[in-house]
Amino acid sequence: MTPDPVRTLSRGRTWLGIDVGGTKTALRAQTDGGVVQDRVFHWAARGVEADLAQLSREVGLLRGQLSTGFDSVGVGLPATLDSNGVVSAWPNRPEWVGLDIHRVFRELFGGVPIRFADDADLAALAEAEAGGSDRLFYIGVGTGVGGGMVIGGVSAGIADTGSFEIGHLITDADGPGCRCGRRGCLQATASGPATLERAGRLRGAPVTFAELRSGVIGEEQWAVQSVDLTCHRLAVAITGVNELLHPDVVVVGGGFAAGLPHFVARIDAHVRTLARPGVPSTPSIRESRFGGLSTLHGAVALARLLAPS
C-alpha cells in the first residue's frame, strides 16, 4: 500500500484504524474532513515484547505527523480472544497467545475508546458501507478463509453475536484435516496453502503461487483442477449461507483470491449450478472493492462508530 501524501490534518475528530497482521500491520488516521494519513510496517522480529515496542514506535511516528490526537481506535485482529480480551489462539503469531490485548492497547492509547473485531468482520463492514449493501456476506481467501456478514448495516461479529467463522464450516465431512482439529473445514480445502498443496499433488512437484497462476493462465489441468475444487467448496459454503441468511451480495476478497484470474467467475458459476430448482434468488457475487485494504477501511469505520458525537 502506498501511503497518501503527508498533509496537515484539519481540526475535528480523528479516527484511527489498525489492521494487525501476521507479517505486517497497517495504520490509517482519518479526519471527519476526509483527510487520510497511512503507515505500514512489517514486523521486524519475532517475540511479543519486540512486537509491542515496534507497534508503539509506529503509533508514535503517526502521532507525530498529526496536528491532533485520536478520538477513537478500531482494531482488526485475526487472533481469537477470550471473554477477557486475552489472545487464546493465533496460529500466525503464537507468541501473542496469553497476551491481554485489551490492557496493552489501553496503555498505548490511554482513555481513548477502543474496539477490536475480527479482520473479516471489518472487511464486510467496509464493503457494505462502500456498496450501500443492506445484507452483505464477505468471504476472504488467503492463508485461511475468513468471513463476515452485515445485516441492516451491522456486522454480526461486531455486534457481539460471534465472528462469522466460515472457514470452519464443514463442507466435506470426509475431507482433509484442519488445523483446528476437525476434518472437512472449508479452509482445509479452500485456503491458499490448501490449494497449493493440492496443486503440488496433482503436478507431482511443489507449486508456488506464481506457478499456480501461470498454470491457470495456461490452462494446465493440474492448476485448473486444483483451483476449481477450491472455488467449488467456496460455492458450497456460499450456497449454505444464502439458504440461511439470504445476502443481496457476496464479496470475495483476500490476497490469494485477488491474484488468480477468473477466480470469482468460477465461484459464481458453481453457485448457479448449486442453486435449488424453483428458487430464483441467487446473490450477486463480486470482487472486493478494496482488495487487501478491506480490513483497514473497516477498522476506520469501526472507530467512527465509537467516536463521541
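## A guided tour of the chain

Start with the whole chain: of the contacts (heavy atoms within 4.5 Å) between residues at least 6 apart in sequence, 61% join residues at least 24 apart. You are looking at a predicted model, where local features need pLDDT of at least 70, side-chain atom pairs count only at pLDDT 80 or more, and totals for chains, interfaces and linings use all residues. Residues are numbered from 1 along each chain as its sequence is written, and side-chain values use heavy atoms, with hydrogens and water left out.

**The overall view.** Switch to a cartoon to find eleven helices and twelve strands; these are DSSP runs, numbered from the N terminus, with helices being H or I of at least four residues and strands E of at least two. Along its principal axes, the C-alpha trace spans about 55 × 45 × 40 Å. The radius of gyration, taken over C-alpha atoms, is 20 Å, which agrees with the value near 19 Å for a compact globule of 309 residues; the globule rule is 2.2 Å times the number of residues to the power 0.38.

**Surface and burial.** Now colour by accessibility. Buried residues make up 49% of the 309, where buried means under 20% relative accessible area with a 1.4 Å probe, protein chains only.

**Aromatic rings.** Select Phe, Tyr and Trp next. The structure holds nine aromatic pairs, a pair being rings (for Trp, the six-membered one) with centres within 6.5 Å. One of them is F256 with F263, edge-to-face (planes over 60 degrees apart), at 6.4 Å centre to centre and 90° between the planes. Both F256 and F263 are buried. Then pick F41, W43, W90 and W96, which ring pairs link into a cluster.

**A79.** Keep W90 on screen and add A79, in the loop between β4 (72-76) and β5 (80-81). A79 touches W90, along with V87 and A89, leaving aside neighbours within four places in sequence. A79 is buried, with a relative accessible area of 11%. For a distance label, try A79 to A117: these residues are 38 apart along the chain, and their C-alpha atoms are separated by 9.4 Å.

**R183.** Last stop: R183, in the loop between α4 (157-161) and α5 (186-190). Not counting residues up to four places away in sequence, R183 touches I170, D172, A173, G175, P176, G177 and C178. Label R183 and D172 to see a C-alpha to C-alpha distance of 7.8 Å across eleven residues of sequence.

How values were computed: Buried < 20%, exposed > 50% of the residue type's maximum accessible area, 1.4 Å probe, protein only. Phe/Tyr/Trp six-rings, centres within 6.5 Å; stacked < 30°, edge-to-face > 60°.
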